[in-house]
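Please open the model in your viewer and keep the selection panel at hand, since this tour moves from one selection to the next.

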Amino acid sequence: MRVLVIPEDFRKDAFLLEPLVAAMFAHLGKPRARVRVCRNPLLGAVSQALSWERIQEILDLYPMVDLFLLCVDRDGVVTREQSLRRLEARAAEHLSVQRGFLAENAWQELEVWALAGQDLPPDWSWSEVRQEVNPKERYFEPYAASRGMQDEPGGGRRTLALEAAQRYTSRVRMLCPEDVAGLEARIARWLARP
């Protein structure tokens, strides 16, 4: 099974998405799924990732992919999910029945998925991390810096996502029910289709 994850900007998001989505597929009984992050074309912004023309370009560019996953930040935009469902509907009309397209917005940013797999400082409230509109600046970057990872590729994203992937079943999917567990359930339904 070939899975292509489409981020709004792969330059940092790839470090987060590849290990976490691979862990999700392993949890779903598909440990050999080939999970890759789309690096061509570079979208570079959420507006590009929400553009049907850009999504259609990617769908057509990768005919060998079985399942496309668009993963973007919510950024406090309450209508983001509606935009994603519209893209899913258009993709369903465009793709053959053997191929799928699912879209999810991180609640609020993808970096929170990596934080979900960590033992965070005791004075941090998980509900505050989840609700913070700018968790990357407020929580992720200070946490990466506290672990001396700010200068590694992705600013700590690689190591923290790999660590979180090891705790996917026990923590990440449990602490991120609206987005991670929701996406997982939707993938499970797609995998179970006739």
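How many cavities of 30 Å³ or more does the structure hold? In this predicted model, the structure holds 1 cavity of that size, and about 30 Å³ of space lies in the largest cavity.

To see its walls, select L20, V21, M24, W113, Y168, V172 and V180, which line the largest cavity. Colouring by element next is helpful, as α1 (10–27) and α9 (168–175) are the elements that give two or more residues to this lining. Of these, α1 gives the most, with 3 residues. If you then colour the lining of the largest cavity by residue class, you will find 7 nonpolar residues, with no polar and no charged ones.

From the cavity, turn to the charged side chains, for which a search of the whole structure finds 17 salt bridges. Begin by selecting D66 and R2, whose side chains meet in a salt bridge with an N to O distance of 3.6 Å. Because D66 lies in the loop between α3 (52–61) and β3 (67–73), while R2 belongs to strand β1 (residues 2–7), this pair ties together parts that are 64 residues apart in sequence. If you switch on a surface display here, note that R2 counts as partly exposed, at 36% relative accessibility.

Next, select R80 together with D75; these two residues form a salt bridge in which the closest N and O atoms are 3.9 Å apart. Is R80 buried or exposed? R80 counts as buried because its relative accessibility is 8%, under the 20% cut-off for that class. Its partner D75, at 29% relative accessibility, counts as partly exposed.

A further pair to select is R138 and E132, whose side chains meet in a salt bridge at 3.2 Å, N to O. Here the acidic residue is the buried partner, since E132 has a relative accessibility of 19%, whereas R138 is partly exposed, with a relative accessible area of 49%.

For the last stop, which residues are linked in a network of salt bridges? Select E81, R85, E88, E104 and R186 together, and show their side chains as sticks, in order to view the network of salt bridges that links these residues.

Technical notes
Residues are numbered from 1 along each chain as its sequence is written. This is a predicted model: local features need pLDDT of at least 70, side-chain atom pairs count only at pLDDT 80 or more; totals for chains, interfaces and linings use all residues. Side-chain values use heavy atoms; hydrogens and water are left out. A salt bridge is a side-chain nitrogen of Lys or Arg within 4 Å of a carboxyl oxygen of Asp or Glu. Helices (H or I, at least four residues) and strands (E, at least two) are DSSP runs, numbered from the N terminus. Buried means under 20% relative accessible area, exposed over 50%, partly exposed in between (1.4 Å probe, protein chains only). On a 1 Å grid over the protein atoms alone, a cavity is a set of points where a 1.4 Å probe fits but cannot get out, and a pocket is an open set with protein on both sides within 12 Å along at least five of seven lines; lining residues have an atom within 4 Å of a point. Grid points are joined across faces, edges and corners, and a volume is the space filled by probe spheres set on the points. Ala, Val, Leu, Ile, Met, Phe, Trp, Tyr, Cys and Pro count as nonpolar, Asp, Glu, Lys and Arg as charged, and the others, Gly among them, as polar.
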